[in-house]
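Please open the model in your viewer and keep the sequence panel beside it. This tour goes from one selection to the next and says what can be found at each stop.

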Amino acid sequence: MYRQMSRAQREAVFVEKAAQMYGALEEWYDQHPEASFGEIEAETRRLRRELMGEGLAVLINGRDTGYQPEAPLCAVCDQVMEFKEHRRWGISGLEGETVLMRAYYVCPECEGETLFPPGSETVIASRSLERRSGAGGHATRADGQIV
Ligand SMILES: [Zn+2]
C-alpha cells in the first residue's frame with residue numbers, strides 16, 4: 001500500500017525492492033547450489049512477480065490514489081459526495097499481484113451511490129471507470145475486484 005510520493009521517492013522504493021529481490025535470489029541459490037538453470041529461472045520468475053506486483057503499486061499509487069481535495073459530484077443527484085476512506089483493490093495482472101489503494105466516495109443523498117475516481121494512471125492500469133452502484137457490487141469493466 002503506497003500513498004503519493006515524488007518520482008525520486010518512488011524510484012528509491014523500487015530500487016530498494018529490486019535489491020531485496022536480488023538478495024533473495026542469492027540466498028535461494030546458496031541453499032540450492034545444485035539447482036538447474038530451469039529451477040533458478042522458476043524461482044526468479046516467482047520473485048519477479050512479487051517485485052513487479054509491488055513495483056506497479058508504487059508506480060500507480062505513488063502518483064495518485066484517486067483522492068481529490070474537492071470531492072466529486074454524484075452522477076445521479078449532482079450533490080457533493082463524501083470521502084469515506086481509502087480501500088484496498090487487488091488486481092491480478094500479467095506481471096504479478098498488485099494491491100492498490102483507491103479513494104472511496106459515497107453520496108449522502110443516494111443510497112449506495114459510490115465512486116472510486118480514476119486517476120489517469122489508474123485508467124491506464126485498469127482500462128476502467130471504477131464506479132459502482134450498491135454495496136457489494138463489482139467494479140464494472142475492471143480486471144480486478146475491490147477487496
Ligand atoms: Zn446522489
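Why does T98 count as buried? Select T98 and look around it: T98 is buried because 22 other C-beta atoms lie within 10 Å, where a residue is called buried if 20 or more other C-beta atoms lie within 10 Å of its own, exposed if 12 or fewer, and partly exposed in between, with the C-beta atoms placed from the backbone.

Before going further, please note that this is a predicted model, in which local features need pLDDT of at least 70 and side-chain atom pairs count only at pLDDT 80 or more, while totals for chains, interfaces and linings use all residues. Residues are numbered from 1 along each chain as its sequence is written.

**The surroundings of T98**

T98 is found in strand β2, and, leaving aside its neighbours within four places in sequence, T98 is in contact with G53, L56, A57, I91 and G93; two residues are in contact if their C-beta atoms, placed from the backbone, lie within 7 Å. Now add V58 to the selection: T98 and V58 are 40 residues apart along the chain, yet 9.5 Å separates their C-alpha atoms.

**The whole chain**

Next, colour the chain by secondary structure, which comes to three helices and five strands; helices (H or I, at least four residues) and strands (E, at least two) are DSSP runs, numbered from the N terminus. Followed from the N terminus, the elements run α-α-β-β-β-α-β-β. Of the 147 residues in the protein chain, 24% are buried, and among the contacts between residues at least 6 apart in sequence, 57% join residues at least 24 apart.

**The first two helices**

Select helix α1 (residues 7-31) together with helix α2 (residues 37-61), whose axes come within 10 Å and cross at roughly 165°; the axes are lines fitted to C-alpha atoms, for helices over the stretch in contact, and angles run from 0 to 180 degrees between N-to-C directions. The helices α1 and α2 are therefore roughly antiparallel to each other, a description used for angles over 145 degrees, whereas those under 35 count as roughly parallel, 65 to 115 as roughly perpendicular and the rest as oblique. To see where they touch, show the contact residues, among them F14, M21 and W28 of α1 and T44, L51 and V58 of α2.

**Two hairpins**

Move on to β1 (82-92) and β2 (residues 97-106), which run antiparallel and are joined by 10 bridges; two strands pair if DSSP finds at least two bridges between them. One pair to pick out is H86 with its bridge partner A103 in β2. The two strands β1 and β2 form a hairpin with four residues between them, and G96 in the turn has a positive phi of about 150°.

Then select strand β3 (residues 113-116), both faces of which are covered, since E113 and L115 on one side and T114 and F116 on the other are all buried. Strands β2 and β3 pair in the antiparallel sense over two bridges, and T114 in β3 is the bridge partner of V106. This hairpin of β2 and β3 has six residues between its strands, and G112 in the turn has a positive phi of about 85°.

**The cores, and C107**

Now show C74, M81, A103, Y104, Y105, C107, L115 and F116, the eight residues of the largest nonpolar core, a term for a set of buried Ala, Val, Leu, Ile, Met, Phe, Trp, Tyr and Cys residues joined through C-beta atoms within 7 Å. The elements that give two or more residues to this core are β2 and β3, and the largest share, three residues, comes from β2. A second, separate core of seven residues includes M52, L56, A57 and I60.

Centre the view on C107, whose place is in the loop between β2 and β3 and which counts as buried because it has 21 C-beta neighbours inside 10 Å. Although C107 and C74 are 33 residues apart in sequence, they are 6.1 Å apart in space, C-alpha to C-alpha.

**A last stop at D78**

Is D78 buried or exposed? With 9 C-beta neighbours inside 10 Å, D78 counts as exposed; its place is in the loop between α2 and β1, and its phi is near 70°, a positive value in a residue other than glycine.
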